[in-house]
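Let's take a walk through this structure together. Keep the view open beside the text as we go from one element to the next.

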Amino acid sequence: MQHHRDNSLYHRFPRLLLLQAGERGALVTSETNEPNVILTREGQSYYLHDPEQPRREAELFVLGFNEVKPQAHVIFFGVGLGYHIREFLRKYPNTSFSIVEPDTGLMNIFLQHLNENDWLADEMIEEVMVGGMTGETIGTLHRLIDRVSGILVVPWLPYRSLFAAELKKFNEILYKMVSNKKDKMAINNVYEKKWALNSIHNFPYILHSSDFLQAGSEHIRGKPALVISAGPSLNDEIEHLRHIRENNLAYLFTVGSAVNTLVEHGIYPHGTFSYDPNEHNVNVIQKVIDKRIDSIPLIFGSTVGKHTLDHYPGRLMHIIISQDELSKHVLRTPEGNKPTIINDAPSVAVIALQCLIQMKADPVVLVGQNLAYRDEQYYAEGITHAQGVPASADLPRVQGVHGQQVVTRHSFIKMKIEMEFYISTVKGTEFINTTREGAVIKGTSFQNLEEVVQTRLKGAIDDAWLQTSSNSEYDLMFLRSRIEELQRDEEVFQTIMEQIHHALLGIKHKLSLKQANMLNVSFGQFDDLFASLLGNCFFKVYVLPRHRMLYEFLYSKMGAIQSSRNPLIRGEQILLYFGDFIWKCQQDYMEIKNEIHEFHHSIHT
């Protein structure tokens, strides 16, 4: 039997033309003259569908699914001849789906059987993945997971036993991908509302403090710098750190809670980094505030929790974080340059590492960066705000610096991967990990801190620049002009939102009257309005950053919505996905507009 090569499925997925016929499967006809497939394995033959009533079998199978959410994306594991898929889509016609067929020969038989105008040519199909879980298939699956909002895996009955190992591996890989996406979504869902308002609240502190990267680059370039984290191994290094600080042998920068441990031992670092967007982030530096220590500069991320800076007794220095759309839009140096941006990260240690790489410190020495448990501890002593979590037997393990396996957590692994990524981008800089009983960090060499002191820290560094207070040098004329533009764009934004609201009502009305031909005109008008919204600076700076995940989800749906050939289906999808996005943006704008107006007024006074 020949391929139906004019089938649209081949046009969408041309790699399917390369599939080879298999020897284990054969197309047969049942007693009721319905096609079936027999798979031969180790001398045994297995039907992939009921030998007598394959369609009835599929109907009963689909009856087991009581309710499928409209947003769910269904992955059919095992295609056979597709009876079950066809029946599933008959019951849930608006469900997007993908197919995973672990056997290329069986997929080849299915494609030969598929008619030109068969149900599978439908636009709701997203991906077709064939064969083992190789790099290409994993990449396809990863992109699919990024695009969809929920997954329902539907293995066809015989595949659960005939391809048990393949199904198990697929589920494991899928679980990891979905878990990673959930982590990312959880971070954005928690923080996306905070980032924008934190930027507004912290803006006066940015204007009245110096840019750490700009102020320190010439001083730190080529000098040794320590990133001191709050891992349990920090307790081992207190006296070495005291010796380094008293003799000014290297820059000491603490990250997060580590400043409390050093202060507890009477050691004041050259600076401490803070960037967490949560309001309770101030607890990390509360000990410094309570003791009124004014000699430790606070190097803060521009989106840091809004009360972190209010009562800090020492010098403030800022770094602009990638999530800070406001500062990126309105700040320029007198020379017209944008401020250097530091990427948001899962750990403040990664923020500090990026800064020191940007400033070309050498060597960069990591202290207390365990990224693992040590005797069921993962914080150093002297930290008052942290609640420990005991290690458990089901936690992952990674390679330790002494050749042993160390117990870690998934969040530590994510930090480790990010650190290794930034280290891998640099050539000519030495990275030393002094953390005893910690995890291996690729790109670093392990040395005891005592050895580093004896062999690498020879001269004294000049830290006078850290104690010299100065305001940031940003172009205030440019700032005011940008604020005026944002005020004008707010009026345009309000008009666009009102027009979009009317356009959606028009689409809803035409849908109710089944006016398919008239809908295409409405779609064009709506697309133009939505493009105008995306180009509006007020929307991009203040509203969109607070709905990152919702927009990413909407963006993942845009291609399928715009390519839909059925105007009625396209109209329903626009109301469902775009309508939800627009409504939430409008509600959010109403909540935050007064704070934005107060901020704009403060810039002009």
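**A strand and its neighbours**

This is a predicted model, and a good place to begin is strand β10, which is covered on both faces. Y251, F253 and V255 lie buried on one side, while L252 and T254 are buried on the other. That split follows a familiar pattern: in a regular strand, side chains alternate between the two faces of the sheet. Counting along residues 251-255, five of the five are buried, so β10 is largely enclosed by the rest of the structure.

Which strands pair with β10? One is β9, residues 225-228, joined to β10 by four bridges and running parallel. To find this pairing on screen, look for L226, which stands opposite L252 in β10. The path between these two strands passes through helix α9 (residues 238-246), and β9, α9 and β10 together form a right-handed β-α-β unit.

β10 also pairs with β11, residues 271-274, through three bridges, and these two run parallel as well. Here F253 is the residue to pick out, as it stands opposite G271 in β11. Helix α10 (residues 258-264) belongs to this part of the fold: β10, α10 and β11 make a right-handed β-α-β unit.

Now let's turn to a helix elsewhere in the sequence. T137 is part of helix α5, which covers residues 135-147. Is T137 buried or exposed? Its relative accessibility is 7%, and because the cut-off for buried is under 20%, T137 counts as buried. Leaving aside residues up to four places away in sequence, T137 touches M129, V130 and G132.

Note on methods
Residues are numbered from 1 along each chain as its sequence is written. This is a predicted model: local features need pLDDT of at least 70, side-chain atom pairs count only at pLDDT 80 or more; totals for chains, interfaces and linings use all residues. Side-chain values use heavy atoms; hydrogens and water are left out. Buried means under 20% relative accessible area, exposed over 50%, partly exposed in between (1.4 Å probe, protein chains only). Two strands pair if DSSP finds at least two bridges between them. A crossover is right-handed if, with the strands pointing away from the viewer, the path from the first strand over the helix to the second runs clockwise. Contact means heavy atoms within 4.5 Å.
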